[in-house]
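Notebook open, viewer open. I want to go through this model piece by piece and jot down what I look up.

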Amino acid sequence: MVKLYGSPLSTCTRLVALVCREKIIPYEFIKVDLAKGEHKQAAFTANQPFGEVPYIDDDGFILYESRAIARYLIKKYPNQGTALIPTDPKAEGLFEQAASTEAFNFTAFVGPIVLEKVLSPRLGLQPNEDRINELLATLKPQLDAYDVILGKQKYLAGDSVTLADLAHLPYGTAFYGVGYAELFDSRPNVARWWKDISSRPTWLAVKDGV
């Protein structure tokens, strides 16, 4: 059985748990206590040298980085659960295009905003509103482009859901919940797509913690 080492509320840990549920892969969740610094202890960094969650142990095969883990699990179990990565070369090319879009046109901006709005207060710091406004100014045109793409097809890579769509969920859900729902809801195609992916039972099962 896959062992998933991570933190229950970690965005990246929840992405891996989401993929396991989509692919119907049984897994054992092993909590890493970030508050106690367990991710920086030698027993952890022996498997994840950067001291970050998550990593998996799949029968002795160690892998870290959530996107790498997700792709590995999807390709290891191609014939069960949701496909998530197409195998046809053209369809896979469109998936890779969508995956790059998620990383560089969405999470690159949404991630830092979430960290400012959620993590900074937990550390007793004030969010850097100037930085947030800069990120929002760059994000808004990206979401306009999303609305155009999603006006032509159901999901980012075509008419089937893929990992590229689901990878938006951990940071996107936090972003939506800290006061930015209007940025999705005011764009009809983005709103329709977001409602679709964020209401998947597999995500609802891990949304509030693995």
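Is Y5 buried or exposed? I looked it up: Y5 counts as buried, because its relative accessibility is 17%, and the cut-off for buried is under 20%. Note to self: this is a predicted model.

**Entry: the Y5 ring and its partner**

I counted aromatic pairs next, and the structure holds 13 of them. For a pair of rings, I write down the distance of the centres and the angle of the planes. Y5 and Y55 have ring centres 4.5 Å apart and planes at 10°, so I logged the pair as stacked. The two rings come from distant parts of the chain: Y5 is in strand 1, Y55 is in strand 3, and 50 residues separate them. Y55 counts as buried too, because its relative accessibility is 3%.

I also found a ring cluster, in which ring pairs link F106, Y146, F175, Y176, Y180, F184, W193 and W194.

**Entry: strand 3 and what pairs with it**

Which strands does strand 3 pair with? Strand 1 runs antiparallel to strand 3, with four bridges joining them. I picked out one bridge there, in which V2 has D58 as its partner. Strand 4 (residues 61-64) pairs with strand 3 over four bridges, again antiparallel. In that pairing I see D57 opposite I62.

I then checked the faces of strand 3, and both are covered. Y55 and D57 are buried on one side, I56 and D58 on the other.

The hairpin of strand 3 and strand 4 has two residues between the strands. D59 sits in that loop and has a positive phi of about 60°, although it is not a glycine. I logged D59 as exposed because its relative accessible area is 77%. I flagged E65 as well: it has a positive phi of about 80° and is not a glycine either. E65 lies in the loop between strand 4 and helix 3, and counts as partly exposed because its relative accessible area is 43%.

**Entry: the loop before strand 3**

I went back to the loop between helix 2 (42-45) and strand 3 (55-58), where Q48 is found. Why does Q48 count as buried? Its relative accessibility is 2%. A polar atom of the Q48 side chain lies 2.7 Å from the backbone nitrogen of F50. Leaving out residues up to four places away in sequence, I have Q48 touching P54, Y55 and Y64. P54 is in this loop too, and the peptide bond from V53 to P54 is cis, with omega near 5°.

**Entry: cores**

How many residues does the largest nonpolar core have? I read off 51, and those with the most contacts inside it are I56, L73, L136, L163, F175 and W193. Among the elements that each supply at least two residues of this core are strand 1, helix 1, helix 3 and helix 6. Helix 4 gives the largest share, eight residues. I listed some contacts of I56, not counting residues up to four places away in sequence: they include V2, L4, V16, I62, I69 and L73. Another core, of five residues, lies apart from the largest one, and V32, F44, V53 and Y55 are among its members.

**Entry: helix 5**

Helix 5 (residues 129-150) has 22 residues and reaches 30 Å from first C-alpha to last, close to the 32 Å expected. N128 caps the N-terminal end of helix 5, with a side-chain oxygen 3.2 Å from the backbone nitrogen of D130. I noted the buried residues of helix 5, including I132, L136, Q142, Y146, D147 and L150. Helix 4 (89-122), helix 7 (169-185) and helix 8 are among what covers the buried residues here.

**Entry: I197**

Last lookup: I197, which is in helix 8 (residues 188-198). I marked I197 as buried because its relative accessibility is 0%. What is I197 in contact with, leaving aside its neighbours within four places in sequence? I get Y155, V161, D165, L169 and W203. I also looked at L166: from I197, C-alpha to C-alpha, the distance is 6.8 Å, with the two positions 31 residues apart in sequence numbering.

Technical notes:
Residues are numbered from 1 along each chain as its sequence is written. This is a predicted model: local features need pLDDT of at least 70, side-chain atom pairs count only at pLDDT 80 or more; totals for chains, interfaces and linings use all residues. Side-chain values use heavy atoms; hydrogens and water are left out. Buried means under 20% relative accessible area, exposed over 50%, partly exposed in between (1.4 Å probe, protein chains only). Contact means heavy atoms within 4.5 Å. A polar contact is a pair of N or O atoms within 3.5 Å; within protein, one must be able to donate a hydrogen and the other to accept it, and residues adjacent in sequence count only if both atoms are side-chain atoms. The expected span of a helix is 1.5 Å times one less than its number of residues. A nonpolar core is a set of buried Ala, Val, Leu, Ile, Met, Phe, Trp, Tyr and Cys residues joined through side-chain atoms within 4.5 Å. Two strands pair if DSSP finds at least two bridges between them. Rings of Phe, Tyr and Trp (its six-membered ring) pair if their centres lie within 6.5 Å; planes under 30 degrees apart count as stacked, over 60 as edge-to-face and the rest as tilted.
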